[in-house]
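Welcome! Please take a look at the fold shown here, and then let's walk through some of its parts together.

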Amino acid sequence: MMAISQGRLPDRRPISVIDIGSNSIRLVIYEGIARAPTVLFNEKMLAGLGRGIVSTGKLDPEAVQRSVEEFRRFRALAEQAGSEALHVIATAAAREAENGPEFIQRAEGILGTEIRVLSGREEAYFSAMGVISGFHQPDGIAGDLGGGSLELVDVANTTIGEGITLPLGGLRLQDVTKNAPQNAGRIIREQLQRASLLGKGEGRTFYAVGGTWRNLARLHMMSTNYPLNVMHHYEMDLKDSAPFLRQVARGEFDKMRGVEQISKNRRSLLPYGAAVLHEIAALMMPSKIVVSALGVREGFLFSLLEEEERAVDPLISAAEELALLRARSVKHAHELAAWVGSSLKTFGVVETEQEARLRHAACLLADIGWRAHPDYRGVQSLNIIAHASFTGIDHPGRAFIALANLFRHEGVFEDRFAPELANLAGPHFLERARLLGAIMRVVYLLSASMPGVLPRLQWREAKDGTLSLVLPRDLAHLNGERPAGRLAHLAKVTNRQLKLEVED
């Protein structure tokens, strides 16, 4: 029986997915099927199966041989990880090539499992499922750009609308234009005229899925000196990003900051990815372009969940699991989330649905840094949260949660550690993070991070407007100088008269 370390959740059985694309083949081993799945192992090879398929009609023979050899390693890795299942899906190149069936049969023999060759409709469906799994109430058009094709599909919350598959993959365009990206614009525009659903996307979000677009976004991040190196939910403003997209589409990006961090194989497809994205934006006129780190593979995994599990908030689920793995008491974390929510109402703070879920997640994560040295708990917590593989959260929200936990440890005015994150969060979230941090600084001194205390603490308002935090008589000895001092800081943040009392 496989030994599970304390860094793993004991109720999970690993599951492996191999995604055979036109350009890349990737093995991902997940800790288990969950609403917010955690990756145990991730490896890809840029095989280029679809290279030359337009002119030859066949998968590239060298790529086929390299892929077959790698499949043996992928199967061995899945077995080594103790995967209870190995799922294999294949997309455009495998379904379109003359020798595709022969390649699939050969691969099935090596991998020891049936390979599901997705139709264009299925590919679009799973791309949409990936966006649904990774965003909170998505609304817009999801576009998945692979090596062989582009899938476009309308997504509104959990509803998947019409979709279309177009022959606009990066490798295909490279082949059709004979490696001349400046000639791709006309071809792209002609094909996009078939995508009538883009007309329904004006003013909504365009979700960019696929490796080429992720690398394009990474280049945009580096060229603009963006402060948070997290790909999922990275936003590109339509107007501000247009010159960048045109420049890359012309192939003029060799001197851009950070281009050396993108592999040479990926660089060759960037102009085509930029050209497709630019033409989509011009036709659709979305409110913004948002990058998704989740696509067909994650959408397929999401489809394996029960309906009830799909409805769970992925951010809260991931925060809960991290609390379970790293906090002193996950029960205390849940009590904190409930108590702080109630306290904000007492202070007259009105939360939107989005603000409430971010506050909930921040409270669940408030104790994940406790094993660090006291001098570094705040910074460590901030870095873990800022760069964690959370989904269902945008970058300002991520910055808010990280800052709230920095303030919880370091003090409510200690944003000198992360001025870029403070700027990313914006004034409203920054002040809300101070308030949340100030409240947590008070109650952690009263609860010692253990459950059972917070539900017994109550706010009581006097006629003169003073708010008293009332301790039950049997907890009177928890009162003292330090909690009183922390309460004074909270009073400054809330601009209220506050005091600590023991129940009569």
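Which residue takes a positive phi just after α8? That residue is N225, with a phi of about 55°. Keep in mind as you read that this is a predicted model.

## A helix inside the structure

Let's begin with α8, which covers residues 211-223. At 1.5 Å a residue, its 13 residues should span 18 Å, and the end C-alpha atoms are indeed 18 Å apart, so the two values agree.

Is this helix mostly enclosed or open to the outside? A residue counts as buried when its relative accessible area is under 20%. By that cut-off 10 of the 13 residues of α8 are buried, so the helix is largely enclosed by the rest of the structure. Among the buried residues are W213, L216, H220 and M222.

## The five-stranded sheet

Now find the open sheet whose five strands follow the order β3-β2-β1-β4-β5, with mixed pairing. Strands β3 (39-45) and β5 (115-117) are at the edges; each has a single partner strand, so one side of each lacks a neighbour in the sheet. From one strand to the next, the twist averages 15°.

Within this sheet, β1 (residues 15-20) and β2 (residues 25-30) pair in the antiparallel sense over six bridges. You can spot D19 opposite R26 in β2. Two helices lie across strands here: α4 (residues 100-111) crosses β1, β4 and β5, at about 150° to β5, while α12 (residues 296-303) lies across β1, β2, β4 and β5, at about 40° to β2.

## The six-stranded sheet

Another open sheet has six strands in the order β8-β7-β6-β9-β11-β10, and its pairing is mixed. Its edge strands are β8 (159-166) and β10 (235-237), each pairing on one side only. Neighbouring strands are turned by 20° against each other on average, direction ignored.

Here β6 (residues 139-145) pairs with β7 (residues 150-156) in the antiparallel sense over seven bridges, and I141 stands opposite D154 in β7. Helix α5 (residues 120-134) packs on the sheet, touching β6, β7, β8, β9 and β11, and its direction makes about 50° with that of β7. Helix α11 (residues 270-284) also packs on the sheet, where it touches β6, β7, β9 and β11.

## Two helices that cross

Finally, look at α15 (residues 330-346) and α16 (residues 353-364), which pack at an angle of about 140° with their axes 8 Å apart. That angle makes α15 oblique to α16. Their crossing is right-handed. The contact includes A333, L336 and V340 of α15 and R359 and C363 of α16.

Key: Residues numbered from 1 in each chain as written. Predicted model: local features only at pLDDT ≥ 70, side-chain atom pairs only at ≥ 80, totals over all residues. Heavy atoms only, no water. Pairing = 2+ DSSP bridges. Helix = DSSP H or I, 4+ residues; strand = E, 2+ residues; numbered from the N terminus. Axes fitted to C-alpha atoms, helices over the stretch in contact; angles between N-to-C directions. Contact = heavy atoms within 4.5 Å. Expected span 1.5 Å × (residues − 1). Buried < 20%, exposed > 50% of the residue type's maximum accessible area, 1.4 Å probe, protein only. Parallel < 35°, antiparallel > 145°, perpendicular 65-115°, else oblique. Left-handed = near helix turned anticlockwise from the far one by under 90°.
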